[in-house]
Structures are given as C-alpha cells and as structure tokens.
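Trainee: Got a minute to walk me through this model? I'd like to go piece by piece.

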Amino acid sequence: MNTVASPKASLPLPPRRHLDDRSVRARTDRMSVLPLGDGLYEVEAGSGATYLVDLEAGRCTCPDHVFRDARCKHVRRIAIEITEGRTPPPGQLAVPCFDCGDPTFVDEDGPEADGPAYCDEHAVYPGDRVRDRETGDRLTVVDVSDLRADAVHISAADTSVADYVTNRRYDSGVPVVGAVYPHATVARNGPVPESLRVYVFPRTRLEKV
C-alpha cells in the first residue's frame with residue numbers, strides 16, 4: 001500500500017481552553033499517524049511504540065484503552081489530525097504526490113490509492129500547460145482520460161500508448177493525457193492540420209508547469 005504517515009510531531013494547544021490530561025497529551029506528545037484503510041490507523045508514539053486504532057469503533061491496542069477502557073490519547077490524536085487536515089478521514093488514504101512527494105488524500109478504493117496520485121498543485125486539467133519529461137517540450141492539455149496507457153491504441157504507429165517506443169520507461173497502468181503543442185503552423189490557406197494534432201502521453205511523462 002502506498003499510504004504515508006503524518007510527520008511525527010507535537011501539536012500546539014488551543015488558547016484559553018480547559019483540556020483534560022489525555023487531551024493535552026494527545027496534542028503535546030510527539031506522534032505520527034499512518035492511515036491503513038478500512039477505518040484503521042497506526043499511531044507511532046514518541047517512544048517508538050506503535051498502536052493500532054480502529055477509529056470508528058473507538059478501540060486502541062494501547063494499555064490505557066485495553067486495561068482502563070479509556071478514550072486514549074491515540075484515538076484523540078487521530079480525531080485531532082483529521083479535523084486539522086493532517087490525516088485523512090476513514091475511507092481515504094494519504095499518498096505521496098508523484099511530482100512533489102507531498103501527501104495528498106485519495107479514496108482508498110480509487111485508482112489513485114495505488115498511484116500515481118497528484119496534489120492539487122500538480123493535478124492537470126484541460127487548458128493546463130505541461131512539460132514533456134522526455135523532450136522538454138511544452139504542451140497544452142486538452143483531455144485527461146480514465147483509460148490506461150496500455151489500453152489506448154495509436155493507429156498511426158499500430159501500437160498502444162504504453163508500448164510506443166518513447167513511452168516504454170513509463171508505467172503502462174497510468175491514465176492517458178491528450179495534449180497539443182502550443183503553436184499551430186499557419187500556411188497561406190490556413191492552419192496546417194498536422195500542427196493541430198492531439199498527441200497522447202502516459203500521465204507520468206508530463207509535468208505540470
């Protein structure tokens with residue numbers, strides 16, 4: 001699974017609020033939260049000990065919950081991190097953005113859970129400018145498909161996008177993106193059709209600029 005944990009850190013206490021001891025420790029103790037899917041989370045404490053939390057059931061494997069049946073600091077920490085956007089809620093995972101590596105939240109049953117995933121800054125949509133990692137050329141996106149590179153056929157080359165010679169080092173299971181070069185060639189009788197052609201690329205070959 002491609003999921004990543006929140007940074008191991010303590011969190012600031014909210015001003016002018018009375019908190020019980022467990023709530024204070026949920027913030028001030030250094031912890032890291034790893035979403036595992038199905039409402040399960042792994043919490044690593046400052047000591048290096050790890051505990052498994054079933055958030056929806058409110059259960060934790062730590063001694064405070066097991067022996068005292070308390071709503072422990074680990075359950076509280078996960079709730080805090082979800083509220084503050086540091087950790088995804090149940091049903092989502094945190095995965096690294098393919099371009100920058102920063103965590104981005106995706107549906108745990110969606111295709112992006114297995115990668116590649118892109119944060120808001122690096123996701124592409126029609127009209128966005130991108131750079132071809134292979135050649136350095138700049139292009140404009142015209143379509144973002146759900147189809148995989150190994151499922152889209154290039155008629156002119158009689159091969160799939162994935163098997164096209166310059167695409168073979170890119171993942172065959174990623175979606176295909178259609179893009180055009182930014183400047184059409186204009187002859188005396190109008191634009192040259194070939195210069196308006198849409199080219200298709202594996203998503204990971206293109207970098208947003």
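**The sheet and what packs on it**

Mentor: Sure. Four strands make an open sheet in the order β1-β2-β3-β4, and the pairing is antiparallel. Strands here are DSSP E runs of at least two residues, helices are H or I runs of at least four, both numbered from the N terminus, and two strands pair if DSSP finds at least two bridges between them.

Trainee: Which are the edge strands?

Mentor: β1 and β4 (59–60), each of which pairs on one side only. Before we go on: this is a predicted model, where local features need pLDDT of at least 70, side-chain atom pairs count only at pLDDT 80 or more, and totals for chains, interfaces and linings use all residues. Residues are numbered from 1 along each chain as its sequence is written, and side-chain values use heavy atoms, with hydrogens and water left out.

Trainee: Noted. How many bridges do β2 and β3 share?

Mentor: They pair over 5 bridges, in the antiparallel sense. Within that region, Tyr41 stands opposite Val53 in β3.

Trainee: And which residues have the most contacts inside the largest nonpolar core?

Mentor: Val43, Val53, Cys60, Val75 and Ile78, in a core of 13 residues. β2 (40–44), β3 (50–54) and α3 (73–83) each supply at least two residues of this core. By nonpolar core I mean buried Ala, Val, Leu, Ile, Met, Phe, Trp, Tyr and Cys residues joined through side-chain atoms within 4.5 Å. Buried is under 20% relative accessible area, exposed is over 50%, and partly exposed is in between, with a 1.4 Å probe and protein chains only.

Trainee: What does Ile78 touch?

Mentor: Leaving aside neighbours within four places in sequence, Ile78 is in contact (heavy atoms within 4.5 Å) with Val33, Tyr41, Val43, Val53 and Leu55. There's also a second, separate core of 8 residues, including Val124, Leu139, Val141 and Ala179.

Trainee: Switching to cysteines: how many disulfides are there?

Mentor: The search of the whole structure finds 0, taking a disulfide as two cysteine sulfur atoms within 2.5 Å.

Trainee: Why is Cys60 not bonded to Cys62?

Mentor: Because Cys62 has the closest cysteine sulfur, and at 3.7 Å from the sulfur of Cys60 that is too far for a bond. Cys72 is in no disulfide either, with the Cys62 sulfur nearest at 3.6 Å. Cys60 is buried at 5% relative accessible area, and Cys72 is buried at 1%.

Trainee: Is Ser32 buried or exposed?

Mentor: Buried, at 9% relative accessibility. Ser32 is in strand β1 (residues 32–37), and a polar atom of its side chain lies 2.6 Å from the backbone oxygen of Ser6. A polar contact is an N or O pair within 3.5 Å; within protein, one atom must be able to donate a hydrogen and the other to accept it, and residues adjacent in sequence count only if both atoms are side-chain atoms.

Trainee: And what does the side chain of Ser160 reach?

Mentor: The backbone nitrogen of Asp163, at 3.1 Å. Ser160 sits in strand β10 (residues 159–160) and counts as buried at 11% relative accessibility.

Trainee: Last topic, backbone oddities. Where is the cis peptide bond?

Mentor: It joins Gly115 and Pro116, with omega about -5°. Pro116 is in the loop between β6 (103–107) and β7 (129–132). Then there's phi: Asp38 has a positive value of about 60° although it is not a glycine, and Asp69 has one of about 55°.

Trainee: Where is Asp38?

Mentor: In the loop between β1 and β2, and Asp38 counts as exposed at 63% relative accessibility. Asp69 is in the loop between α2 (63–68) and α3.
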